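Dear colleague,

I am passing on the structure below, and would be glad if you could look through it alongside the notes that follow.

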Amino acid sequence: MLTINGFKKSYNATTVLHIDQLEIAAGIYWVKGENGSGKSTFLKALAGAIAFEGDVLLHPQISLKKQAVAYRKRVNFAEAEPIFPDFLTGLELIQLFSSAKGGSKKQQKEYIERMNIELFVNDPLRTYSSGMLKKLSLVMSFMGNPTLILLDEPLITLDTDALSTLYSWIGEINRQQGVSFLLSSHQTLESEQLPVLKEMLVEQQTIKYA
Ligand SMILES: Nc1ncnc2c1ncn2[C@@H]1O[C@H](COP(=O)(O)OP(=O)(O)OP(=O)(O)O)[C@@H](O)[C@H]1O
């Protein structure tokens, strides 16, 4: 599903991650690692949100560097602690993302209802709690027709109902549409709810299969 070639990410001349070559087959992956090991850096780089050396290819041949728009249309990302313009409403932001990702009004409505955010989706983001922002960013990360969804710490601040909704979304679109996931989490991911969960470990400035 993804090929990583000659990947290197440094901050101020300090290398945080170095991956010569890595093939990631389609599936659902739990990206583990200690605080500061580089999980967010890895997900942000794969999302095309930060610069890095090397390239990433989404199969069959979509290069993050050379076909950035096509790549980003197929790779969705929800940050650990999203920061959005606080004067927009949740719905305005969902519509913006959905249109960039090629989503439909029907899809927006379905995800808004299932995550149970109708009550506040028309309010400005400055009034949102961290859990409300998390729900909104998760809804946005499912918009369009992605091949891969990157979720950085998706479980933090979610209430029990939202957690169970998120697990069913991941299972459903993986089974029905073959969408892959890379999930970073310090909390235990429920492997009964995600039966095909595989593990990757970020340590010593690189990534390996656990
Ligand atoms: N913008 C930045 N500028 C400088 N250093 C950074 C920056 N972002 C991250 N780092 C450094 O890169 C390393 C990896 O950080 P990263 O946030 O990717 O770790 P993480 O595994 O996601 O950590 P956590 O589990 O605590 O969220 C850390 O040493 C961090 O200090």
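Before the strands are described, one cut-off is needed: a residue is called buried if 20 or more other C-beta atoms lie within 10 Å of its own, with the C-beta atoms placed from the backbone. Please also keep in mind that this is a predicted model.

By that cut-off, strand S8 (residues 180-184) is mostly covered, since five of its five residues are buried. In a regular strand the side chains alternate between the two faces of the sheet. In S8, Ser 180, Leu 182 and Ser 184 point one way while Phe 181 and Leu 183 point the other way, and all of these are buried.

Which strands pair with S8? One is strand S3 (residues 28-32), which pairs with S8 in the parallel sense over four bridges, and in that pairing Tyr 29 stands opposite Leu 182. Another is strand S7 (residues 148-152), which runs parallel to S8 and is joined to it by five bridges, with Ile 149 standing opposite Phe 181. S7 and S8 also belong, together with helix H6 (residues 160-177), to a right-handed β-α-β unit.

A second group of strands forms an open sheet, in which four strands are arranged in the order S2-S1-S4-S5 with antiparallel pairing. Strand S2 (14-24) and strand S5 (62-63) stand at the edges of this sheet and have a single partner strand each, so one side of each is left without a neighbour in the sheet. Within the sheet, strand S1 (residues 2-11) and strand S4 (residues 53-58) are paired in the antiparallel sense over five bridges, and Leu 2 of the chain stands opposite Leu 58 in S4.

Turning to the ligand, the residues that surround it are Tyr 11, Asn 12, Val 16, Gly 33, Asn 35, Gly 36, Ser 37, Gly 38, Lys 39, Ser 40 and Thr 41. When this shell is sorted by class, it holds two nonpolar, eight polar and one charged residues. Helix H1 (residues 39-47) gives the most to the shell, contributing three residues.

As for annotation, the unreviewed UniProt entry lists residues 2-210 under "domain: ABC transporter". In the model, the end C-alpha atoms of residues 2-210 lie 18 Å apart, and the span is 33% helix and 28% strand.

With best wishes

Conventions. Residues numbered from 1 in each chain as written. Predicted model: local features only at pLDDT ≥ 70, side-chain atom pairs only at ≥ 80, totals over all residues. UniProt positions renumbered as here; feature names shortened; annotations may be inferred. Helix = DSSP H or I, 4+ residues; strand = E, 2+ residues; numbered from the N terminus. Buried ≥ 20, exposed ≤ 12 C-beta atoms within 10 Å, placed from the backbone. Pairing = 2+ DSSP bridges. Right-handed = clockwise from strand over helix to strand, strands pointing away. Near = placed C-beta within 6 Å. Nonpolar A, V, L, I, M, F, W, Y, C, P; charged D, E, K, R; others polar.
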